Structure formats: structure tokens, C-alpha cells
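Let's take a walk through this chain together, with the sequence and the coordinates side by side. Keep the viewer open as you read.

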Amino acid sequence: MTGDKLVWHPIGALPKEGEIRKVKIDGRTICIVEQGNQLYATGARCPHAGADLSQGWCDRGKLVCPVHRHHFDLESGRGDPGQGNFIPVFPIQTIEGKMCVGMKVPWWKRIF
Ligand code: FES
């Protein structure tokens, strides 16, 4: 099914170690995070009450929400035990010398 195919988008300027950069790609706002010499791409909206996760910080492989401090694993997006929530995470790879994030085509773009 073509709807499940990833489309790769260049990230642009990369964040510095420990920095969380908010970027808008294909109509979605995501966080690009550099942590331990590894890049991660996650959703930017906290599922708890909608805070902007790019205003948070990283702690031992987790993205921490600045409002009520929910923690989300940078690799899986899973919230800490007891939170019962998660954030989306996106794959990153180098394509033709550019770091790119892979995103599925949103359902509304498949329809219209
Ligand atoms: S808004 Fe993020 S933990 Fe409450």
C-alpha cells in the first residue's frame, strides 16, 4: 500500500549535542534531537496536555516535557511506566549527503 511508504525529507541545519530543534516538515512540527552523538526525530506535541516538547530537555535517552515532566524514550517514543502515553518517532538516515527524516504521507494527503 502506497500510504505506508516513507517519504524522506531533508532536516536542514542539525542541532548541537543536547539541543532540541523544532522543525516543520511537510506540515508537521517535529523535534530533532542530538543526544550521545545520535540524532532522533520525534513529535513536538506532548500527548499529556499539548505542551511544546522542543522547550523541554533530554535526560538519559529521554525527552522531558517542560510542563509536567513526562519522560519519553527517544528511540521508541514510549512514555515512562505509569504515564500511559507515547510520542511518534521518525527514522533518520543520510541520503545523498543530507540527513533526512522519513515520514508517512498523512491520510488527508492520500485522499485529497
Ligand atoms: S503537558 Fe507534557 S507532561 Fe503535561
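The report below starts with the chain as a whole and then moves to its hairpins, its open sheet, its cores and a few single residues.

## The chain as a whole

A quick word before we start: this is a predicted model. Its secondary structure amounts to one helix and ten strands, and the order along the sequence is β-β-β-β-β-β-β-β-β-β-α. In other words, the helix follows the ten strands.

What radius of gyration does the chain have, and what would a compact globule have? For 112 residues a compact globule would come out near 13 Å, and the chain has 14 Å, which agrees. The C-alpha trace spans about 35 × 30 × 20 Å along its principal axes. Of the 112 residues, 37% count as buried. Among contacts with a separation of 6 or more, 39% are made by residues 24 or more positions apart.

## Hairpins β2-β3 and β3-β4

Let's begin the tour at strand β2 (residues 20-25), which pairs with strand β3 (residues 28-35) in the antiparallel sense over six bridges. Within this pair, Arg 21 sits opposite Ile 32 of β3. The hairpin has two residues between its strands, and Asp 26 adopts a positive phi near 50° there.

Strand β3 also runs antiparallel to β4, and six bridges join the two. Here Ile 30 has Gly 43 in β4 as its bridge partner. This hairpin, too, has two residues between the strands; in it, Gly 36 has a positive phi near 60°.

## The open sheet β1-β10-β9

Further along, three strands make up an open sheet ordered β1-β10-β9, with antiparallel pairing. Which strands stand at the edges? They are β1 (6-10) and β9 (92-95); each has a single partner strand, so one side of each is left without a neighbour in the sheet. From one strand to the next, the twist averages 45°.

The pairing of β9 with strand β10 (residues 98-104) is antiparallel and covers four bridges. Ile 92 faces Val 101 of β10 across this pair, while Ile 95 has Lys 98 as its bridge partner in β10. The β9-β10 hairpin has two residues between the strands, and Glu 96 takes a positive phi near 50° in it.

## Two nonpolar cores

In soluble globular proteins, nonpolar side chains tend to be buried together. The largest nonpolar core here holds 14 residues, and the members that touch the most others are Val 33, Leu 53 and Leu 63. Leu 53 is a good one to centre in the viewer: beyond four places in sequence it touches residues including Ile 20, Cys 31, Cys 46, Leu 63, Cys 65, Phe 72 and Ile 87. Gly 43, Ala 44, Arg 45 and Pro 66 are also among the residues that Leu 53 touches. A second core, separate from that one, has ten residues, among them Ile 25, Ile 32, Leu 39 and Ala 41.

## Two buried polar residues

Is Thr 42 buried or exposed? Its relative accessible area is 0%, so Thr 42 is buried. Thr 42 belongs to strand β4 (residues 38-43). Beyond its neighbours within four places in sequence, Thr 42 contacts Ile 30, Cys 31, Leu 63, Leu 74, Ile 87, Pro 88, Val 89 and Phe 90.

Gln 83 lies in the loop between β7 (71-73) and β8 (89-90). Because its relative accessibility is 18%, Gln 83 counts as buried. A polar atom of the Gln 83 side chain lies 2.8 Å from the backbone nitrogen of His 71, and the side chains of Gln 83 and Asn 85 share a polar contact of 3.0 Å. Outside four places in sequence, Gln 83 is in contact with His 70, His 71 and Phe 72.

## Towards the helix

Our last stop is Val 105, in the loop between β10 and α1 (107-111). With 24% relative accessibility, Val 105 counts as partly exposed. Val 105 and His 9 are 96 residues apart along the chain, and their C-alpha atoms are separated by 11 Å.

How values were computed:
Residues are numbered from 1 along each chain as its sequence is written. This is a predicted model: local features need pLDDT of at least 70, side-chain atom pairs count only at pLDDT 80 or more; totals for chains, interfaces and linings use all residues. Side-chain values use heavy atoms; hydrogens and water are left out. A nonpolar core is a set of buried Ala, Val, Leu, Ile, Met, Phe, Trp, Tyr and Cys residues joined through side-chain atoms within 4.5 Å. Buried means under 20% relative accessible area, exposed over 50%, partly exposed in between (1.4 Å probe, protein chains only). Contact means heavy atoms within 4.5 Å. A polar contact is a pair of N or O atoms within 3.5 Å; within protein, one must be able to donate a hydrogen and the other to accept it, and residues adjacent in sequence count only if both atoms are side-chain atoms. Two strands pair if DSSP finds at least two bridges between them. Axes are lines fitted to C-alpha atoms, for helices over the stretch in contact, and angles run from 0 to 180 degrees between N-to-C directions. The radius of gyration is taken over C-alpha atoms; the globule rule is 2.2 Å times the number of residues to the power 0.38.
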